[in-house]
Amino acid sequence: MTQTPTPSPANIPPERRVVLGLQHSIAMFGATVLVPILVGLSPSVALFGAGVATLLFHLITQGKVPIFLGSSFAFIAPTALVVKEMGPAAAGGGLIAAGLMYLLFSALVTIFGTDRLLRVFPPVVTGPVIIVIGLGLSSVAVNQAKTNWWLALATLLAAILASVFGRGLFRMIPILLGVVTGYLVALLTGQVDSKALADIAAAPLFGLPDFHAPALDWRAVAIIAPVAVVTFIEHVGDVIVNGRVVGKNFLKDPGLNRTLLADGLANMTSAALGGPAATTYAENTGVLALTRVYDPRVLQIGAFFAICFGCSPKLAAVLKSLPQGVLGGVSILLFGMIASVGIRTLAEAKIDFAHSRNLIIVSLILVLGLGGASFPLSIAGTKLELHGMALAALVGIIANLLLPHQHQEVAGLPEGQDVSV
């Protein structure tokens, strides 16, 4: 069986690049706008910020890595908490601090090398932390869905059918298709607020998003910034998978230190505009595998479309009118899938739970992360609090470093397994 050759970037007509770029913007659209809706930020700013962040990422990585950046799900719970209690500006400051953590990781990779740093964050730590991220959000999904279970189930069923039975592009955008289906059902059954519909009609087609400046609040920093420990591992995994699809080792060229630097600065840029955290998107890596077109310029065109989408107040009004039942339907699937990724992380690393060391680390992370534990701190007279996922991740890292390894086990990896895989 012969394999279809990958088209050379030079041979792709410009008009096809535009269509492929639009496809990338559609693939990231559903998840990117869902995050700000869930946490209380502007979807328009999120789209605009995702486009700018992607272009900045490509600039810093010298246009070598075909990656798209969109809204990060890992930051949903802490960002929503900060927005509710301290306001969107404080959330922006906390997300900028998380971006600074990426810059710190980039410097550490430069100094110590990739493999040595990754041993501090093995799967026995990152796996259960990812589980905490997903299950910690489960109550949010259920509370939204129970406002209208029939609408939530219609949305959920549409997303599941698209993911399982869809073909081509439709299989890549199950969240978007689920939201569209749920919204149409809500419109047909009169479940969209009449005032929201009037706002849609009155909103102009084009206009700048509602940007707002960040503010420094150390409480917000303490809640949001530690999540970067988890998203650091997510970044490494996305870069590795992207490289495997393309057939290149991006950890070496342009280097993990450069991709971390780019992701950190992109994250800070999105937050500075008033948007959510930006992160590398697996959805768009899936589009690369589907189309076999790896030209980074196609991703850059997709980023331009995202910026254009962000400059449409009418689209923003449509997104704000989404009923809670629709959001609950897609959130049930998304948050459950996040937890499942954590379970898969443990399974693929072949973590041996016959070792009490592994049981202790995972148990501490799950109980502290899901049980609502908190630990008060006081730094320079400022009262802070570590709780939830941030506290669980920190305890897991410390436990992994302090507890002795058993038999042939090294940092949660079976003997002979490469830490970079």
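This tour moves through the model by selection, from the whole chain to single residues.

**Before selecting**

The model is predicted, so local features require pLDDT of at least 70 and side-chain atom pairs count only at pLDDT 80 or more, while totals for chains, interfaces and linings use all residues. Residues are numbered from 1 along each chain as its sequence is written, and side-chain values use heavy atoms, with hydrogens and water left out.

**The whole chain**

Display the protein chain as a cartoon: 20 helices and 4 strands make up its secondary structure. Helices (H or I, at least four residues) and strands (E, at least two) are DSSP runs, numbered from the N terminus. Of the 421 residues, 53% count as buried; buried means under 20% relative accessible area, exposed over 50%, and partly exposed in between (1.4 Å probe, protein chains only). Contact means heavy atoms within 4.5 Å. Among contacts between residues at least 6 apart in sequence, 83% join residues at least 24 apart. With the surface switched on, the chain exposes about 18400 Å², of which carbon and sulfur atoms supply 67%; accessible areas come from the Shrake-Rupley method with a 1.4 Å probe, and for residues only the protein chains shown count as cover.

**Helix H3 and its cover**

Select residues 76–85, which form helix H3; its buried residues are Ile-76, Pro-78, Thr-79, Val-82 and Val-83. Next add the elements that cover these buried residues, including helix H1 (14–39), helix H4 (88–112), helix H12 (218–224), helix H18 (324–348) and helix H20 (388–402). After H3 comes Gly-87, with a positive phi near 100°.

**Aromatic pairs**

Rings of Phe, Tyr and Trp (its six-membered ring) pair if their centres lie within 6.5 Å; planes under 30 degrees apart count as stacked, over 60 as edge-to-face and the rest as tilted. The whole structure holds 3 aromatic pairs. One of them is the edge-to-face pair of Phe-48 and Phe-211, at 5.1 Å centre to centre with 70° between the planes. This pair links distant parts of the chain, since Phe-48 lies in helix H2 (residues 43–60) and Phe-211 in the loop between helix H11 (194–202) and H12, 163 residues apart. Phe-48 is buried at 15% relative accessible area, whereas Phe-211 is partly exposed at 31%.

Then select Phe-105 and Phe-232, whose ring centres are 4.7 Å apart with planes at 35°, so this pair is tilted. Here too distant parts of the chain are linked: Phe-105 belongs to helix H4 and Phe-232 to helix H13 (residues 228–246), 127 residues apart. Both Phe-105 and Phe-232 are buried.

**Salt bridges**

A salt bridge is a side-chain nitrogen of Lys or Arg within 4 Å of a carboxyl oxygen of Asp or Glu. The structure contains 6 salt bridges. Begin with Asp-199 and Lys-195, where the closest N and O atoms are 3.3 Å apart. Both residues lie in helix H11, 4 residues apart, about one turn of the helix. Lys-195 is exposed at 54% relative accessible area, and Asp-199 is partly exposed at 37%.

Move to Asp-217 and Arg-219, whose side chains meet at 2.9 Å, N to O. Asp-217 is buried at 18%, while Arg-219 is partly exposed at 41%.

Finally, select Arg-297 and Asp-295, with the closest N and O atoms 3.1 Å apart. Asp-295 is buried at 4% relative accessibility, and Arg-297 is partly exposed at 40%. Adding Arg-17 to the selection completes one network of Arg-17, Asp-295 and Arg-297, joined by salt bridges that share partners.

**A nonpolar patch**

Return to the surface and select Val-142, Trp-149, Trp-150, Leu-153 and Ile-332, which make a nonpolar patch of about 530 Å². Patches are made of residues with over 30% relative accessible area and no salt bridge: like charges are joined within 9 Å, nonpolar side chains (Val, Leu, Ile, Met, Phe, Trp, Tyr) within 5 Å. Helix H8 (residues 149–165) gives the most to the patch, with 3 residues. Trp-150, in helix H8, is exposed at 73% relative accessible area.

**Backbone stops**

Most residues other than glycine have a negative phi, and most peptide bonds are trans. Select Asp-253 and Pro-254 to see a cis peptide bond with omega about 15°; Pro-254 lies in helix H14 (residues 251–273). Gln-62 has a positive phi near 65° and sits in the loop between H2 and strand S1 (69–71). The last stop is Lys-350, with a positive phi near 55°, in the loop between H18 and helix H19 (356–370). Lys-350 is exposed at 62% relative accessible area.
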